[in-house]
Amino acid sequence: MTVTALLAPEHDLATTNALLRALHEMGAEEISRNWGVAGSQEISMLRFSLGEQQLIVEAETYIGLSVTGTRETVDAITSRVRDIVGKAKAGFPLTRE
C-alpha cells in the first residue's frame with residue numbers, strides 16, 4: 001500500500017532541501033524529473049528508486065510538497081525530514097491513503 005505525506009508548502013525550500021538530503025542519505029537514486037505549468041498551476045515531479053521500490057516527490061502549486069511510497073519508507077523519510085528541519089509540531093506530516 002502506498003501513502004502520500006504532505007510535508008510543507010511547495011515553496012518551502014528548507015523542507016525541499018531536507019527531503020532531498022534525507023533521500024540521498026537513504027541511498028535513493030533519482031530516475032526521472034518532470035516539470036510543467038498550466039495556467040497558475042506549476043508542478044514538479046521527481047521519481048526515485050530506493051531498493052526495489054519507487055518514490056515520487058511532487059511540488060504542486062496550492063497542494064504543497066509531498067512524498068509517496070510505502071508507509072514504512074514514507075514514515076522514515078518524514079521522520080528524517082523533521083529532524084533535519086527541526087519541525088516537531090503537532091500534525092506533521094499529514095498523510096492520505
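## Exercises on salt bridges

Glu30 and Arg33 form a salt bridge in this predicted model, and their closest N and O atoms are 2.7 Å apart.

**Exercise 1.** Apply the distance cut-off to Glu30 and Arg33, and state whether each residue is buried, partly exposed or exposed.

*Solution.*
1. A salt bridge requires a side-chain nitrogen of Lys or Arg within 4 Å of a carboxyl oxygen of Asp or Glu. The pair Glu30 and Arg33, at 2.7 Å, forms such a bridge.
2. Partly exposed residues lie between the limits of 20% and 50% relative accessible area. Glu30, with 38%, is therefore partly exposed.
3. Arg33 has a relative accessible area of 58% and is therefore exposed.

**Exercise 2.** Determine which residues are linked with Glu25 in a network of salt bridges, and locate them in the helices.

*Solution.*
1. One partner of Glu25 is Arg21, with an N to O distance of 2.9 Å between the side chains. Both residues belong to helix α1 (residues 13-26); because they are four residues apart, about one helical turn separates them.
2. The side chain of Glu25 also meets that of Arg80 in a salt bridge, at 2.7 Å from N to O. Arg80 lies in helix α2 (residues 71-85) and Glu25 in helix α1, so this pair ties together parts that are 55 residues apart in sequence.
3. Arg21, Glu25 and Arg80 are thus linked in a network.

**Exercise 3.** How many salt bridges does the model contain by this rule?

*Solution.* The pairs are Glu30 with Arg33, Glu25 with Arg21, and Glu25 with Arg80. The count comes to three.

Definitions and conventions:
Residues numbered from 1 in each chain as written. Predicted model: local features only at pLDDT ≥ 70, side-chain atom pairs only at ≥ 80, totals over all residues. Heavy atoms only, no water. Helix = DSSP H or I, 4+ residues; strand = E, 2+ residues; numbered from the N terminus. Buried < 20%, exposed > 50% of the residue type's maximum accessible area, 1.4 Å probe, protein only.
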